[in-house]
Amino acid sequence: MNELIGRVLGFQREVFPIRSDLYERLATKGQSPKALMISCADSRVVPEEIMSAQPGDLFVCRNAGNIVPPFSQANGGVTSTVEFAVEALGVRDIIVCGHSDCGAMKGLMNPEITATMPNVAAWLRHSAAARQVVESSYPHLSPEEKPRAAALENVVVQLTHLRTHPSVAACIARGELSLHGWYFDIQEGAVLALDGVTGRFRRIEHDQPIPVALAASPRLAAELDEPAFAEAAE
């Protein structure tokens with residue numbers, strides 16, 4: 001802990017003076033982050049570092065397993081963070097980011113790990129669909145390989161949950177919000193992104209467009225295709 005305290009003093013002496021103009025602007029004009037990232041609380045995953053973000057660039061929500069509970073009337077930290085990011089801050093991109101060697105996903109696939117952690121076990125029920133997908137659709141994987149598949153499938157599940165939140169659903173309908181599913185490989189330093197067209201993850205490369213899980217585009221189900229509707233009526 002003394003080492004961490006020393007780093008705070010180092011920030012005050014060495015970093016802050018260099019960035020004082022930036023912090024002054026943020027303090028007086030407020031924040032306008034470009035995206036919300038929902039990532040795992042794992043200490044090895046640092047969203048700001050992965051995205052080379054400066055203070056004020058990124059709104060971050062971290063929890064065990066990068067989980068987004070489906071919307072309900074019960075108040076929760078993730079729900080409130082999502083709502084504030086979309087409604088108050090006007091973010092236009094939300095990223096759900098899983099990662100390699102995830103302890104939460106190991107606990108998901110091996111329930112005995114969380115036997116003495118009832119709150120963790122209850123929290124991981126929000127990832128139950130990912131566990132069932134892995135168990136039923138990846139029979140060839142060894143027990144050691146399943147947590148990685150679970151981490152990837154869990155990102156897909158949490159993106160689905162995210163769309164149940166009213167603020168998110170409304171913004172998607174207006175074509176003002178894009179959703180992204182990422183997976184960070186700690187050892188390789190690589191980021192995989194979910195391609196909403198193919199349904200698969202692809203490594204982000206500098207010379208290729210970044211895959212998007214759900215690109216911003218108006219989605220109004222009640223808008224009828226008038227010519228086709230007329231033909232059907234006839």
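This is a guided tour of one protein model, moving from the whole chain to its sheet, its helices, its cores and a few single residues.

**The whole chain**

Begin with everything displayed, and keep in mind throughout that this is a predicted model. The protein has 234 residues, of which 37% count as buried, and its C-alpha atoms fill a box of roughly 75 × 50 × 45 Å when taken along the principal axes. Colouring by secondary structure should bring out 10 helices and 6 strands. If you compute a contact map, consider the contacts between residues at least 6 apart in sequence: 63% of these join residues at least 24 apart.

**The sheet**

Select the strands next, which form an open sheet of 6 members in the order β2-β1-β3-β4-β5-β6, with mixed pairing. At its edges stand β2 (58-63) and β6 (200-203), each of which pairs on one side only. Neighbouring strands of this sheet are turned against each other by 25° on average, direction ignored.

Zoom in on residues 35-40, which make up β1; this strand pairs with β2 in the parallel sense over 6 bridges. To follow one of these pairings at the residue level, pick M37, whose bridge partner in β2 is V60.

Then move to the other end of the sheet, where β5 and β6 run antiparallel and are joined by 4 bridges. Here D195 stands opposite R200 in β6. The hairpin of these two strands has 4 residues between them, and in it G199 takes a positive phi near 80°.

**Helices across the sheet**

Add residues 77-88, helix α4, which lies across β1, β2 and β3 (93-99) and runs at about 170° to β2. Add also residues 146-162, helix α8, which lies across β1, β3, β4 (178-185), β5 (190-195) and β6, running at about 160° to β4.

**Where α4 meets α9**

Now bring in α9 (residues 166-173), whose axis comes within 8 Å of that of α4, the two crossing at roughly 35°. The crossing in which α4 passes α9 is left-handed. Show side chains here: V82, E83, V86 and E87 on the α4 side meet S167, V168 and C171 on the α9 side. Sorted by class, this contact has 4 nonpolar, 1 polar and 2 charged residues.

Which residues of α9 are buried? They are S167, V168, C171, I172 and A173, and what covers them includes α4, β3, α8 and β4. Just after this helix, look for G175, which takes a positive phi of about 75°.

**The nonpolar cores**

Hide the ribbon and show the largest nonpolar core, which holds 24 residues; L36, I38, I94, L159, L162, V168 and L179 are those that touch the most other members. At least two residues of this core come from each of β1, β2, α4, β3, α8 and α9, with the largest share, 4 residues, supplied by α4.

Centre the view on I94 to see how such a member is surrounded. Residues up to four places away in sequence not being counted, I94 touches L36, I38, V86, L162, V168, L177, S178, L179 and H180. Apart from the largest core lies another, of 18 residues, among them C102, A104, V157 and Y183.

**Two single residues**

Select H165, which is found in the loop between α8 and α9. Is this loop residue H165 buried or exposed? H165 counts as buried because its relative accessible area is 2%, where the cut-off is under 20%. Leaving aside neighbours within four places in sequence, H165 is in contact with V68, P69, P70, F71, T79 and V82; V82 also appeared among the α4 residues that meet α9.

Finish at A149, which is found in helix α8. A149 has a relative accessible area of 9% and is therefore buried. With neighbours within four places in sequence left aside, its contacts are V134, Y138 and L141. A distance label drawn from A149 to V168, which lies 19 residues away along the chain, should give a C-alpha separation of 26 Å. V168 itself is one of the residues that touch the most other members of the largest core.

Definitions and conventions: Residues numbered from 1 in each chain as written. Predicted model: local features only at pLDDT ≥ 70, side-chain atom pairs only at ≥ 80, totals over all residues. Heavy atoms only, no water. Pairing = 2+ DSSP bridges. Axes fitted to C-alpha atoms, helices over the stretch in contact; angles between N-to-C directions. Contact = heavy atoms within 4.5 Å. Left-handed = near helix turned anticlockwise from the far one by under 90°. Nonpolar A, V, L, I, M, F, W, Y, C, P; charged D, E, K, R; others polar. Core = buried A, V, L, I, M, F, W, Y, C linked by side-chain atoms within 4.5 Å. Buried < 20%, exposed > 50% of the residue type's maximum accessible area, 1.4 Å probe, protein only.
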